[in-house]
Amino acid sequence: MCLQFCLAHLIRDVKFLTTLPDARDRRYGEKLRQAVQELFAIFHQRRELSPRSLIRVCCWHASK
């Protein structure tokens, strides 16, 4: 099965999490929002990075 997800919907759903009444849910939403923001930053830099440095950047972000 193939599933395609619109990034605009993903961003909207992640932002929604930051508005929930439970503080734990909001913290999770904020962490997820930051992770998506970092992922987009890497995506937009991909043409400027060599494959080796792109892997290094992705691994560094994953270890945070």
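Here are a few exercises on this predicted model, each with a worked solution.

**Exercise 1.** Work out which pattern the chain follows along the sequence.

*Solution.* Start by counting elements: the chain has 3 helices and 0 strands. Reading along the sequence then gives α-α-α.

**Exercise 2.** Check whether the end-to-end distance of helix H2 agrees with its number of residues.

*Solution.* Helix H2 covers residues 23-45, so there are 23 residues to work with. At 1.5 Å a residue, they should span 33 Å. Now look at the end C-alpha atoms: they sit 33 Å apart, which agrees.

**Exercise 3.** Find the salt bridges, and say how far apart Arg33 and Glu30 are in helix H2.

*Solution.* Searching the whole structure turns up 2 salt bridges. One joins the side chains of Asp13 and Arg12, at 3.6 Å from N to O. Asp13 is partly exposed, at 33% relative accessibility.

The other pair is Arg33 and Glu30, whose closest N and O atoms are 2.5 Å apart. These two are 3 residues apart in helix H2, so about one helical turn separates them. Arg33 has a relative accessible area of 27%, making it partly exposed, and Glu30 is partly exposed at 27% too.

**Exercise 4.** Decide whether Arg27 is buried or exposed, then name the patch it belongs to.

*Solution.* First, place the residue: Arg27 lies in helix H2. Its relative accessible area is 51%, and exposed means over 50%, so Arg27 is exposed. On the surface, Arg27 gathers with Arg24, Arg26 and Lys31 in a patch of positive charge.

For contrast, Gly29, Val36 and Ile42 in H2 are buried. Across the chain, buried residues make up 9% of the 64 residues.

Notes: Residues are numbered from 1 along each chain as its sequence is written. This is a predicted model: local features need pLDDT of at least 70, side-chain atom pairs count only at pLDDT 80 or more; totals for chains, interfaces and linings use all residues. Side-chain values use heavy atoms; hydrogens and water are left out. Helices (H or I, at least four residues) and strands (E, at least two) are DSSP runs, numbered from the N terminus. The expected span of a helix is 1.5 Å times one less than its number of residues. Buried means under 20% relative accessible area, exposed over 50%, partly exposed in between (1.4 Å probe, protein chains only). Patches are made of residues with over 30% relative accessible area and no salt bridge: like charges are joined within 9 Å, nonpolar side chains (Val, Leu, Ile, Met, Phe, Trp, Tyr) within 5 Å. Accessible areas come from the Shrake-Rupley method with a 1.4 Å probe; for residues, only the protein chains shown count as cover. A salt bridge is a side-chain nitrogen of Lys or Arg within 4 Å of a carboxyl oxygen of Asp or Glu. Lys and Arg count as positive and Asp and Glu as negative; His and the chain ends are not counted. The place of a charge is taken as NZ of Lys, CZ of Arg, CG of Asp or CD of Glu.
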